[in-house]
Amino acid sequence: MDYFLYNDGALHAEDVALSQIATAVGTPFYVYSSASLLRHFKLLDDALQGMDHLICYAMKAASNQAILKLLGDAGAGMDVVSGGEYARARAAGIPAERIVFSGVGKTRSEMEMVMRGGIRQFNVESEPEMRLLSQLAVELEQIAPITIRINPDVDAKTHAKISTGKKEDKFGIPISRAREVYALAAGLPGLKIVGIDVHIGSQLTELEPFALAYEKVAKLAEILRADGHEIMRLDLGGGLGIPYEKNNGYPPSPADYGALIREKVGHLGCEIEIEPGRFITGNAGLLVSEVIYVKEGEDREFLIVDGAMNDLIRPAMYGAHHEIVPIVEPAAGADYQPYDVVGPVCESGDTFAKGRALPEMQAGDLIAFRSAGAYGAVMASEYNSRPLVPEVMVHGDQFAVIRARPSLEDIINRDIIPEWQ
Ligand code: LLP
C-alpha cells in the first residue's frame, strides 16, 4: 500500500496534490508522506513483536529532523555514523539511550561529544578505535558500552558499492578474530561489552545472506558467553531491500525478516536491535521535477528536467532504477513513447533513465521520481551551483516545508575571498 496515488487524475501525497506543493515551493523538491514513514516503521516493529527490541533508524538514509522526530515519537531509536548525525538526532529530541553510534572511522572528538552527551552503545569496528575509546572513557571517568561489529564474510548479493559484509570490505572485525578482540576489550579499562553488531549490506533482496550472517552471530554469541562475556544485545544491522521497479518482484517482507530473526537468534534471549534506513524512508518519498524542454536527438527524444544528478545521485552513482511517473494521470489507453530523462548538469552521467516509456510530455509538465526518500536528499549537493533541493512533509491534507531551498545569496555568501586577493 502506498500513499502516493492518483486522485481525480492528479498524483497526490496522502490528501495533497503534488501540483499544489509545486506551486507553493517550486521544483525540484522532495516530498515525504508521514503516513508512509510510520507505516513502514510499524511493519518492522510488528515483525519483531514478542522479542525485546529497538528499531534504530539508520538516519543516513534521510536525516531531516522532522523525519527523525516523527519516528522518534513512534518509539524509534537512531543509528548514527557521525558527530553531525548524533547532534541532529539529539536536536530532534531523540533520547541518548536510544542512539547507537556506528562507523568505521569515528574520530576522537566525535567519540568525546557522544560520551559527554550519552549513548546507548558504540558499535566498535577496529582495535585502534577500541583502544582510543578506552583511553577517552578513562579520561572522562565514564564507562563506554560497546558492541563489536564483526565481519561475517557473507555475500549480501547486492550492488558492490553497498556490500559491507565480505572479508575484502573495510567494515568490522573478521569473525575469525572475534574471540581475540573480545578478550582484548574485556581487558581494557572504561569499556563494557554489551553485545555483538553485524551489518552486511544494503538493498538486500533475499533472506539467505541475512540467515547466514545471523547463524554465525548466534554461534559466536554462545562462544563468547562461554568465554565469560556478557552478550545481552544483538545489533543485526539494516539492509532490508525495497521494491524499486514495478513488475520486478518483491524483496522479502518485514514479517518474513522478523521470523528469520526469531528463528536464528531468538533462543539467545538477547535484546534485538535493527538499523533499517531504506525500508523506512525509501518508498515514503518522491522527487518532483518539471520538464524544461523536450529535445529531439538524432535517434531519440530527451526529456530535460529541472532535477539533476546533484539532487538525486543514485542513477548516476549506482545505475539505480527509479520509476518515473507523470503528475497528471495518463488517460486510459494513452500512447507511451521512450524518452531519455536527463538533468541540466554538464555531464552525460546526469541521466536518470534511458528509453523510459512515458506518455507524451511537454515543457512545463511535472514528473515524480519514485522511491527517492532514502539516500536522495541526503546525498544531494550544490554541484553546478544548483541550490540544495528543498524537502516537504505531508500529513493528511497538510504539508510543510521541512527544509527550505537556499537562496542564491545564501550559496554565494558561503564563500570567503581572502583579504590578500
Ligand atoms: N547500518 C549500517 C552500519 C549501515 O552502514 C547502513 C547503510 C545501514 C544500517 C542502513 O542500511 P539500509 O537499511 O538503508 O539498507 N547510498 C546507498 C546506500 C548506502 C548504505 C550505507 N549503509 C544507496 O543509495 O543505495
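How many Å separate an oxygen atom of the ligand from an N or O atom in the side chain of Tyr 375? The distance is 2.6 Å, and the views below place this pair in its surroundings. The model is predicted, so that local features need pLDDT of at least 70 and side-chain atom pairs count only at pLDDT 80 or more, while totals for chains, interfaces and linings use all residues. Residues are numbered from 1 along each chain as its sequence is written, and side-chain values use heavy atoms, with hydrogens and water left out.

**View 1. The ligand and the residues around it.** The ligand is surrounded by 18 residues, a residue being counted as near if one of its heavy atoms lies within 4 Å of the molecule. The closest are Ser 202, Glu 275, Arg 278, Arg 314 and Tyr 375. Backbone atoms also approach the ligand: an N or O atom of the backbone of Gly 239 lies 2.8 Å from a ligand oxygen atom, and for a backbone N or O atom of Gly 277 the distance to an oxygen atom of the ligand is 2.9 Å.

**View 2. The two domains and their interface.** An automatic or database domain assignment divides the protein chain into domain 1 (4-31 + 282-413) and domain 2 (34-281). To the contact, defined by heavy atoms within 4.5 Å, domain 1 gives 23 residues and domain 2 gives 25 residues. About 2,000 Å² is buried between the domains, with carbon and sulfur atoms giving 53% of this area; buried area is the accessible area (1.4 Å probe) that two parts lose on being put together, summed over both. Tyr 318, Tyr 375 and Met 393 supply 27% of the area that domain 1 buries against domain 2, more than any other three residues.

**View 3. Polar contacts across the interface.** Between domain 1 and domain 2 there are 13 residue pairs in polar contact, both residues at pLDDT 80 or more; such a contact is a pair of N or O atoms within 3.5 Å, where within protein one must be able to donate a hydrogen and the other to accept it, and residues adjacent in sequence count only if both atoms are side-chain atoms. The count of salt bridges between these two domains is 0.

**View 4. A salt bridge between Glu 230 and Lys 192.** The structure holds 26 salt bridges, each a side-chain nitrogen of Lys or Arg within 4 Å of a carboxyl oxygen of Asp or Glu. In one of them, Glu 230 pairs with Lys 192, and their closest N and O atoms are 3.3 Å apart.
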